[in-house]
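Biologist: I'd like to go through this model with you and ask where the labels come from. Can you set each value against the cut-off behind it?

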Amino acid sequence: VGLGLWSETVAPEYVDIQVVAPSTVPPNEPFAGEVRIRNLANESQTLDRFDIVVCYLVVFHVEESVPAYTDSFSIPLVSFQSFTFLEEIAPNSELLVTFVMVGAAEGSYRGDFDVCVNSATVCEDVMVTTVIGSGNVR
C-alpha cells in the first residue's frame, strides 16, 4: 500500500522489520505493540515514519509511543494517519518502537502498517490483526 502520495513505494533494503503485538486485547484498556527495526547495513538508516490505515485507527487510539513521534497528520488521499519519527538506526543495530494503544469496540480488526525507512516512499507493509475482547461484534 504505502504512503507514496503520488508514486509507488519500494521496500526498504538492509532492514528486518518485526511487529510484536498481542492478538487479543481487552476493550478500553491500554496495550503495547512493538515494532523492531533491525538495520542490517553498514551505514546508518533513519526510521522516517509509520503510516497506519485509518480504518484500523477508527477503533484503536494511539495513546503514545516510545520513542515519541514528533508529528502526526492525516493523509486522506490514501486513508492513512502518519506518525513521524526521524530516528537514526546505527549500523548493525536495532530500534524498538513501542506504541501504547486502546481498543474500543469488540470485534476482530485488520489493518496495514507501513514502516518507512529513509524516505516516505521506501516502506515495508505489515498487516496486523487484533481482536478486542471476545471478537464478537455487538
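Modeller: Sure. Strands here are DSSP runs of E with at least two residues, and they are numbered from the N terminus. With that naming, P67 falls in the loop between β5 (60–66) and β6. Keep in mind that this is a predicted model.

Biologist: What makes the bond between V66 and P67 a cis peptide bond?

Modeller: The omega angle: it is about -5 degrees for the bond that joins V66 and P67. Most peptide bonds are trans.

Biologist: How do you know how far to trust the chain, going by pLDDT?

Modeller: pLDDT is the predictor's confidence on a scale from 0 to 100. The chain averages 90, and 91% of the residues score at least 70. Among the elements, strand β8 (residues 94–103) has the highest confidence at 97, while helix α1 (residues 54–57) has the lowest, at a mean of 88. Residues 1–6 are another matter, with a pLDDT below 50, although the stretch has 21 contacts in the model beyond near neighbours in sequence. Where pLDDT is low, predicted coordinates should not be read in detail.

Biologist: And how many helices and strands are there?

Modeller: One helix and 10 strands. Along the sequence they come as β-β-β-β-α-β-β-β-β-β-β.

Biologist: What makes β2 and β6 edge strands?

Modeller: Start with the sheet: six strands lie in the order β2-β10-β9-β4-β7-β6, the sheet is open, and the pairing is mixed. β2 (24–25) and β6 (71–75) each pair on one side only, so they count as the edges.

Biologist: How do you know that β9 and β10 pair?

Modeller: Two strands pair if there are at least two bridges between them. Strand β9 (residues 107–117) and strand β10 (residues 123–132) have 10 bridges and run antiparallel, so they qualify. One spot to look at is S108, which stands opposite V131 in β10.

Biologist: Which strands does β4 pair with, then?

Modeller: β4 and strand β7 (residues 80–89) are joined antiparallel over eight bridges, with F50 facing its bridge partner F83 in β7. β4 also runs antiparallel to β9, over five bridges, and there R49 has C116 as its partner.

Biologist: Why is β4 called mostly covered?

Modeller: A residue is buried when its relative accessible area is under 20%. Eight of the nine residues of β4 (residues 45–53) are buried, so "mostly covered" follows. For the whole chain, 44% of the 138 residues count as buried.

Biologist: Why is P91 called partly exposed?

Modeller: Its relative accessibility is 35%, and partly exposed runs between 20% and 50%, so P91 belongs there. P91 sits in the loop between β7 and β8. Leaving out residues up to four places away in sequence, P91 touches N39, A41, N42, E43 and S44. The C-alpha atoms of P91 and L40 are separated by 6.7 Å, with their positions 51 residues apart along the chain.

Biologist: What makes the phi of Y14 and of N118 worth flagging?

Modeller: Most residues other than glycine have a negative phi. Y14 has a positive phi of about 60 degrees, and N118 has a positive one near 70 degrees. Y14 lies in the segment before β1 (15–20); at 54% relative accessible area it passes the 50% mark, so Y14 is exposed. N118 is in the loop between β9 and β10; its 46% falls short of that mark, so N118 is partly exposed.

Biologist: Which residues touch the most other members of the largest nonpolar core?

Modeller: I37, L47, F50, Y56, F60, M101 and V115, out of 31 residues in that core. Beyond four places away in sequence, the neighbours that I37 touches include L47, F50 and V115, along with I17, I89 and L95.

Biologist: Last one: how do you know whether the radius of gyration agrees with a compact globule?

Modeller: For 138 residues the globule rule gives a radius of gyration near 14 Å, and the chain has 15 Å, so the two agree. The C-alpha trace spans about 50 × 30 × 20 Å along its principal axes.

How values were computed:
Residues numbered from 1 in each chain as written. Predicted model: local features only at pLDDT ≥ 70, side-chain atom pairs only at ≥ 80, totals over all residues. Heavy atoms only, no water. Core = buried A, V, L, I, M, F, W, Y, C linked by side-chain atoms within 4.5 Å. Buried < 20%, exposed > 50% of the residue type's maximum accessible area, 1.4 Å probe, protein only. Contact = heavy atoms within 4.5 Å. Helix = DSSP H or I, 4+ residues; strand = E, 2+ residues; numbered from the N terminus. Rg over C-alpha atoms; globule rule 2.2 N^0.38 Å.
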